[in-house]
Every structure is written in structure tokens, then in C-alpha cells.
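Let's take a quick tour of a predicted model. We'll start with the ligand and then move on to a helix.

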Amino acid sequence: MAILLDGKKTANDLNEITRNRILKLKQRGIVPGLAVVIVGEDQASQRYVRNKHKLALKLGVNSIIKAVPATVTENQLLNLIAELNHDQTIQAILVQDPLPTRLNEQKIMQSISPEKDVDGFTTTNVGKLYLNHSGNYPVACTPKGIMTLLQQYNISLRGKKAVVIGRSAIVGKPMAALLVNAGASVSILHRYTNDITEYTQDADIVISATGVLRLLDSEAIKSGAVIVDVGQNLDENGHLVGDVDFETVRQKAAAITPVPGGVGPMTIATLMQQTVDLTEWGATNDE
Ligand code: NAD
């Protein structure tokens with residue numbers, strides 16, 4: 001039976017460290033500021049943003065939500081981000097995905113200053129990740145949170161065969177880059193991969209980020225594999241579940257993340273961690 005990679009507990013521990021770092025910053029008269037921009041009325045996005053805001057306030061972050069109507073023009077949104085880029089009280093900016101399709105998402109995301117790009121989305125920060133630059137830069141929060149969780153459970157990556165299912169800019173691709181940088185050999189699978197089991201059955205580590213209900217069952221994985229389930233789906237009973245058939249896969253895997261309580265809490269804890277990182281890096285530059 002697999003051990004549970006407890007994202008809730010690991011996130012709570014990380015949040016405690018973040019809270020203490022914020023207290024130290026406040027002693028220097030510095031308050032980390034996080035601005036989350038949300039466009040439109042998407043229910044799931046509204047819920048994510050509320051949760052981020054609640055945790056940010058609890059940890060002592062100056063959290064502001066910039067809610068704009070779905071009718072916003074591209075120029076209005078670019079102006080809002082430009083204002084936040086110049087706002088000295090804001091060190092971290094997140095534009096909540098998804099944006100209405102009529103808006104040029106790439107242009108909007110790339111207008112965030114790389115120094116305030118808390119979800120590591122700008123080409124500058126993505127480039128640094130791919131080149132495995134040393135030094136300080138933000139990385140997409142979900143994959144970074146997964147790396148923290150794996151570290152917490154002493155899961156070594158060097159020399160391991162890893163499979164990432166999903167190739168999005170926000171989860172799959174940065175996840176693969178982090179794993180390669182950590183010394184794993186990585187395959188990236190996606191909707192056009194002919195037979196995903198050909199890869200997953202041979203993998204020491206499987207990270208699934210597709211949003212496809214029951215994509216992986218116990219037949220699809222190797223005995224003793226580590227399984228990280230990023231997916232968020234509703235099952236037939238309206239319960240939040242991942243991509244993985246948890247009950248059968250946990251019998252065969254060595255370790256597995258639950259949904260809920262796995263990757264989700266790590267993502268939001270990493271957002272807070274990186275808000276403080278950006279604040280500290282900025283404060284050091286100023287001194
Ligand atoms: P996305 O829609 O941008 O990407 C999904 C990826 O899955 C694509 O690359 C696609 O090619 C691949 N895919 C789809 N069907 C497939 C199949 N049958 N076989 C193999 N690959 C397939 O989504 P995303 O933003 O990367 O998110 C993926 C999932 O992770 C979603 O369920 C999302 O809700 C969840 N998510 C969770 C967190 C968290 O913190 N827990 C954070 C981000 C995303």
C-alpha cells in the first residue's frame with residue numbers, strides 16, 4: 001500500500017515558514033504585496049482567487065484582488081497590469097487563468113514584469129528555468145510545489161525515469177523542466193501520444209496533469225512507482241477527484257498524492273512562498 005504524500009500537512013508547514021519570513025520582513029518595515037487579477041465571473045476561478053486571498057491575509061500578505069468585468073478591453077487590462085508593475089506596494093502579480101478567449105492571453109501574461117511574475121509565466125523566467133540558471137527567479141507554482149512535496153518525502157529524482165502527462169505552459173512543461181534539472185530522464189505525454197501506458201508502465205515517477213477522469217488505473221503503472229495527481233475533476237457523484245483511479249493505484253504504488261489534499265494545497269502555499277521570495281529579492285536589490 002502506497003504512502004500518502006500529504007500535501008495539506010506539507011503546505012501547512014511551508015505556510016508556517018512563510019508566515020515567519022513575513023514577520024521578519026515586517027520588522028524591517030516591508031509588507032509583501034500580492035495582486036491577483038481576475039477577469040469575468042468564472043465560478044471555479046472566483047473560488048481559487050478567494051482561497052488565495054484568504055490564505056494571503058492569514059499569513060500577513062497585503063493581498064488585493066483586481067476583479068474586472070468580462071467585457072474589459074485588452075488595453076484596459078494591459079494598463080491595469082502596467083499600473084501594478086509600477087506599484088511599489090505590490091511585489092507579486094498573478095493573472096488568473098483562464099482569460100476570455102477574445103483577449104490575447106500571451107500578450108497579457110507577458111506584460112507582467114518578470115520581477116513580479118509570481119507564477120513564473122514570462123518568457124524571461126521560463127527561459128531561466130529551461131536553462132537551469134542559478135540565482136533567483138520564480139517558477140510556476142504547481143510544479144514547484146510538487147518538487148517541494150517530493151523533497152519533503154525524500155523522493156530522489158536523479159537517474160529516475162519520469163513521465164509527465166500534459167504539456168501545458170503552466171503545469172506539464174515547467175514540471176518536465178524541473179525534473180530534468182533534478183537529474184531525471186523525462187518523457188512528456190499529451191493528447192496525441194498513441195499509447196500512454198507504453199511510457200507509464202516503465203516509469204519510476206508519474207505526474208498526471210490532464211483533467212481526464214480515471215486516465216490511469218493500476219494496470220497503467222509499475223509496481224512501486226511514485227504517483228503525483230495534479231488533475232482536478234468531478235466524478236459522477238460530484239466529488240473532486242484527480243486523473244488517477246486512487247483506490248486501485250494506491251495498492252500498487254509506493255507513494256501517491258490524494259485529491260483533494262495533495263497538489264492543490266502545495267500550489268497555493270508555493271504562491272505565498274514565492275510572493276515572499278519576490279519581496280525579499282526586491283528588498284535586497286534596493287539595499
Ligand atoms: P490543460 O487543459 O492546459 O492541459 C491538459 C493537458 O492534458 C494537455 O497538454 C493535453 O494534451 C493533455 N491531455 C488531455 N487528454 C489527454 C489524454 N487522454 N492523454 C494524455 N494527455 C492528455 O490543463 P492544465 O492547466 O495543465 O491542468 C491540467 C489539470 O490539472 C486540470 O485538471 C487542472 O484543473 C489541474 N490543475 C490543478 C492544479 C492544482 O493546484 N491542483 C493546478 C493547475 C492545474
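## Contacts with the ligand

Thr-267 puts a polar side-chain atom 2.7 Å from an oxygen atom of the ligand. The protein covers 73% of the 860 Å² of accessible area that the ligand has on its own. Ser-168 also joins in with its side chain, where a polar atom sits 2.5 Å from a ligand oxygen atom. With Arg-191 it's the backbone: an N or O atom there lies 2.9 Å from an oxygen atom of the ligand.

## Who else is in the shell

There are 20 residues around the ligand, and the ones that come nearest are Arg-167, Ser-168, Arg-191, Gln-232 and Thr-267. Sorted by character, the shell has 8 nonpolar, 10 polar and 2 charged residues. Helix H10 (residues 263-286) supplies the largest share, with 3 residues.

## Helix H1

Now for H1, which runs over residues 7-27. From first C-alpha to last, its 21 residues reach 30 Å, close to the 30 Å expected at 1.5 Å a residue.

Which residues of H1 are buried? They are Gly-7, Thr-10, Ala-11, Leu-14, Asn-15, Thr-18, Arg-21, Ile-22 and Leu-25. These residues sit on the same side of H1 because they cover an arc of only 135 degrees around the axis. Turned away from that buried side is a face carrying the exposed residues Lys-24 and Gln-27.

## The two ends of H1

At the N-terminal end, Asp-6 acts as the cap of H1, with a side-chain oxygen 3.1 Å from the backbone nitrogen of Lys-8. After H1 comes Gly-29, with a positive phi near 80 degrees.

Methods
Residues are numbered from 1 along each chain as its sequence is written. This is a predicted model: local features need pLDDT of at least 70, side-chain atom pairs count only at pLDDT 80 or more; totals for chains, interfaces and linings use all residues. Side-chain values use heavy atoms; hydrogens and water are left out. Helices (H or I, at least four residues) and strands (E, at least two) are DSSP runs, numbered from the N terminus. The expected span of a helix is 1.5 Å times one less than its number of residues. Buried means under 20% relative accessible area, exposed over 50%, partly exposed in between (1.4 Å probe, protein chains only). The arc is that of the directions from the helix axis to the C-beta atoms. A polar contact is a pair of N or O atoms within 3.5 Å; within protein, one must be able to donate a hydrogen and the other to accept it, and residues adjacent in sequence count only if both atoms are side-chain atoms. A residue is near a molecule or strand if one of its heavy atoms lies within 4 Å of it. Accessible areas come from the Shrake-Rupley method with a 1.4 Å probe; for residues, only the protein chains shown count as cover. Ala, Val, Leu, Ile, Met, Phe, Trp, Tyr, Cys and Pro count as nonpolar, Asp, Glu, Lys and Arg as charged, and the others, Gly among them, as polar.
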